[in-house]
Amino acid sequence: MKKFVATIEARMTSSRLHGKVLLPVLGRPILGYLIDRLKKVQSINEIVLATTINEADNPVVEFAKSEGISVFRGSEDDVLLRVVDAAKSVNADVIVEITGDCPIIDPEIIDQCIQLYKYNNASYVGNAHIRSYPDGMDVQVFSLNDLEKSGNLTNDKLDREHVSLYMRNHPEIFPHLHLVAPTSVFWPELGLTLDEKQDFELLKSIIEHFNSIKKPYFSIYECVSYLKENPKLLEINKKVLRKGDT
C-alpha cells in the first residue's frame with residue numbers, strides 16, 4: 001500500500017498579509033480549519049506542515065504540533081525542495097499538495113483527486129492547472145519520486161518557488177490528468193483563497209455562517225449556493241489581484 005501524505009505549505013512571513021495562517025476565526029487560527037478538513041479525508045495517511053527555518057515560523061510550528069500533525073522545516077525560497085524533504089521526513093510515497101492559503105478546501109475534492117491518481121496512469125493529477133473550481137479549492141497529487149525528478153531537471157527560480165510548475169509545464173515527461181468542476185460550482189474567477197486582508201474577511205464570514213448553522217464541514221456546493229444567495233459578500237474581495245505563478 002502506498003502512503004499518501006498531505007503536505008501543507010505555510011509560513012508567517014507572507015508579503016501581502018503577515019501571519020495570515022494564524023489569524024483567528026471564532027477563536028481558532030484559520031490554519032486549524034484546513035487541518036480539520038484534511039483530517040476528514042480518509043485516503044490521506046498523514047499530514048505534514050512544510051514550513052521554513054525562519055524563526056518567525058516558530059508559532060505556526062507550535063500550532064501544528066498542538067494539532068497532532070507532523071512538522072518539517074526547510075528552505076524559505078526553494079519550496080520544491082522543502083516539500084520533497086517534508087514528504088521524505090514522513091516516508092511518503094505520494095504527495096497530496098495543499099497550500100495554507102486554502103482553509104475551506106472541500107475534502108471531497110481532495111479525495112476525488114486522490115482516487116483519480118490511484119486508478120489512472122497519470123504522473124500529475126490536480127484541479128488548479130486548468131482552473132474551473134473557485135480559487136482556494138486547489139489540490140495536486142503526484143509521487144515523491146516524480147516531484148524529486150522534476151526538481152533534478154530545473155534550477156529555475158519560479159520552478160523552485162512554485163512546487164509543481166515544472167511538472168505542469170512538461171506533460172510530455174509527467175502525463176497529466178485534470179479534475180474539472182461540474183457546472184454547478186464552475187466559478188474559476190471566485191477567490192476563496194487567503195492572499196490579502198479582504199480574503200480573510202470573506203473567509204471569516206463564510207466560516208462563521210456555516211458554524212452558526214452547525215455545518216463546519218460545508219461543501220463547495222453549499223458554499224457556492226450561499227454566496228449566490230448573498231451576492232453582497234462577493235464585494236469584499238472583488239478587487240484583490242491574484243499573483244499566480246509569475
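The legends below describe a predicted model, first as a whole chain and then in close-up views. Residues are numbered from 1 along each chain as its sequence is written, and side-chain values use heavy atoms, with hydrogens and water left out. In this predicted model, local features need pLDDT of at least 70 and side-chain atom pairs count only at pLDDT 80 or more, whereas totals for chains, interfaces and linings use all residues.

**View 1. The whole protein chain, with nine helices and nine strands.** Helices (H or I, at least four residues) and strands (E, at least two) are DSSP runs, numbered from the N terminus. The radius of gyration, taken over C-alpha atoms, is 17 Å, close to the 18 Å that the globule rule gives for 246 residues, so the chain is as compact as a globular protein of that length. That rule is 2.2 Å times the number of residues to the power 0.38. Of the 246 residues, 53% are buried, where buried means under 20% relative accessible area, exposed over 50%, and partly exposed in between (1.4 Å probe, protein chains only).

**View 2. Surroundings of L31 in helix α1 (residues 30-39).** L31 is buried, with a relative accessible area of 1%. Leaving aside neighbours within four places in sequence, L31 is in contact (heavy atoms within 4.5 Å) with I8, V21, V60 and F63. Although L31 and F63 are 32 residues apart in sequence, their C-alpha atoms are 8.9 Å apart in space.

**View 3. The aromatic pair of Y124 and F142.** A search of the whole structure finds four aromatic pairs, where rings of Phe, Tyr and Trp (its six-membered ring) pair if their centres lie within 6.5 Å, and planes under 30 degrees apart count as stacked, over 60 as edge-to-face and the rest as tilted. Y124 and F142 form a stacked pair, 6.3 Å centre to centre with 15 degrees between the planes. Because Y124 lies in strand β7 (residues 124-126) and F142 in strand β8 (residues 140-143), the pair ties together parts that are 18 residues apart in sequence. The relative accessible area of Y124 is 0%, and Y124 is buried; F142, at 0% relative accessibility, also counts as buried.

**View 4. The aromatic pair of F210 and Y226.** These rings meet edge-to-face, 5.5 Å centre to centre and with 70 degrees between the planes. The pair links distant parts of the chain, with F210 in helix α8 and Y226 in helix α9 (residues 220-229), 16 residues apart. Both F210 and Y226 are buried, and ring pairs link F210, F218 and Y226 into a cluster.
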